[in-house]
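Here is a short report on strand pairing and charged contacts in one protein chain. Keep the structure open while you read.

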Amino acid sequence: MKKSLIALAGGLGLAAFSAFSACAADVPPRVDISYSITSGGLEGEVYDTLEIRKESGARTYAINSEARAKGLLALTQPDSVVRDSKGIITAQGSLRPERFSDQHGEKIPKVAIFDWDKKLLTLQHKRGEEQKPLPADALDRLSLLYSFMFSPVPGKMINLHETDGRRLEVTRYAVGKETLDTPMGKLETVVLTKQLEKEGDRDKKIWLAVDHHMLPVRIISLEKMGIVTDQMVTKISYDEQPDSFKQGRLH
């Protein structure tokens, strides 16, 4: 049952993209998103919070994500799966993470530390610590989902490096479009489909809502043990007042 909770967490025209890019500065200082998540017969809830601040003339971001089991699984696995990413928003409109963590209950967290000055990525996990060269396009699994709020989707294919705190891999996503049925109604979306290019690659598909600042509104991914999770948006809330943000998890 414990493994089940871990698995549970887990062409628009150029004119349209240009219009989106011009509106990127209008992203609210706080966004709360609720999701339902299913995996086979298992159910859960995910709550994401994005906070944007301006500090010493620079914009910073902090993303908190918490997944909880529902139903009978919650009785035996009450612990949450908590992920955090924080860093800066560059002048070019890209996210540059500084630290990412992924913790399942009381287990040792997976942590990625980005040292952009030394171009060094430090990965910390239960097997120890290792360091790797830090590519200029590196993102973690949370900052990737929210990175397109601040810069347009680049063309028909996206190439980047992605880390989950344990490994760093080269990933490519094909770009498409789709009208998505959600509990919030029909949403026009840009769809990113991960390209599987070597043995062991895991499927992932991400839907970004065009009319909601390119927020991720659906994520389907292949997790450990071959289990597929489907994370679907149920509610999006915007807070225009940065001072109203309160530290801590979203409850």
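Asp 181 and Lys 186 form a salt bridge, with their closest N and O atoms 2.6 Å apart. Both Asp 181 and Lys 186 are exposed. This is a predicted model.

A second pair joins Arg 218 to Asp 230 through their side chains, at 2.7 Å from N to O. Arg 218 belongs to strand β14 (residues 215–222) and Asp 230 to strand β15 (residues 228–239), so this salt bridge ties together parts that are 12 residues apart in sequence. Why does Arg 218 count as buried? Its relative accessibility is 17%, and buried means under 20%.

A third pair is Glu 169 with Lys 194, whose side chains meet in a salt bridge at 3.2 Å, N to O. Glu 169 sits in strand β11 and Lys 194 in strand β12 (residues 185–194), so the contact ties together parts that are 25 residues apart in sequence. How exposed is each partner? Glu 169 has 21% relative accessibility, so it counts as partly exposed. Lys 194 has 9%, so it counts as buried. The cut-off between the two classes is 20%.

The chain has 10 salt bridges in total. The table lists three, including their N to O distances.

| Salt bridge | Distance, N to O |
|---|---|
| Asp 181 – Lys 186 | 2.6 Å |
| Arg 218 – Asp 230 | 2.7 Å |
| Glu 169 – Lys 194 | 3.2 Å |

**Strands around β11**

Now follow the backbone. β11 and β12 run antiparallel and are joined by 10 bridges. A hairpin links β11 to β12 through 2 residues. Within this pairing, Tyr 173 has Lys 194 of β12 as its bridge partner. Lys 194 thus appears twice: its side chain meets Glu 169 in a salt bridge, and Lys 194 is also the bridge partner of Tyr 173.

β11 (residues 168–182) has another antiparallel neighbour, β10, with 7 bridges between them. Which residue of β11 is the bridge partner of Asn 159? That residue is Arg 172. β10 and β11 also form a hairpin, with 4 residues between them. In that turn, Gly 165 has a positive phi of about 95°.

**From β9 to β10**

In which sense do β9 and β10 pair, parallel or antiparallel? Strand β9 (residues 138–140) pairs with strand β10 (residues 157–163) in the parallel sense, over 3 bridges. The chain leaves β9, passes through helix α4 (residues 141–146) and reaches β10; this β-α-β crossover is right-handed. One of the bridge pairs is Ala 138 with His 161 of β10.

β10 therefore has a parallel partner in β9 and an antiparallel partner in β11, as strands pair when DSSP finds at least two bridges between them.

**The whole chain**

How many helices and strands does the chain have? There are 4 helices and 15 strands. The chain holds 251 residues, and 47% of them count as buried. Its accessible surface comes to about 12,800 Å². Carbon and sulfur atoms account for 51% of that surface.

Conventions: Residues are numbered from 1 along each chain as its sequence is written. This is a predicted model: local features need pLDDT of at least 70, side-chain atom pairs count only at pLDDT 80 or more; totals for chains, interfaces and linings use all residues. Side-chain values use heavy atoms; hydrogens and water are left out. A crossover is right-handed if, with the strands pointing away from the viewer, the path from the first strand over the helix to the second runs clockwise. A salt bridge is a side-chain nitrogen of Lys or Arg within 4 Å of a carboxyl oxygen of Asp or Glu. Buried means under 20% relative accessible area, exposed over 50%, partly exposed in between (1.4 Å probe, protein chains only). Accessible areas come from the Shrake-Rupley method with a 1.4 Å probe; for residues, only the protein chains shown count as cover.
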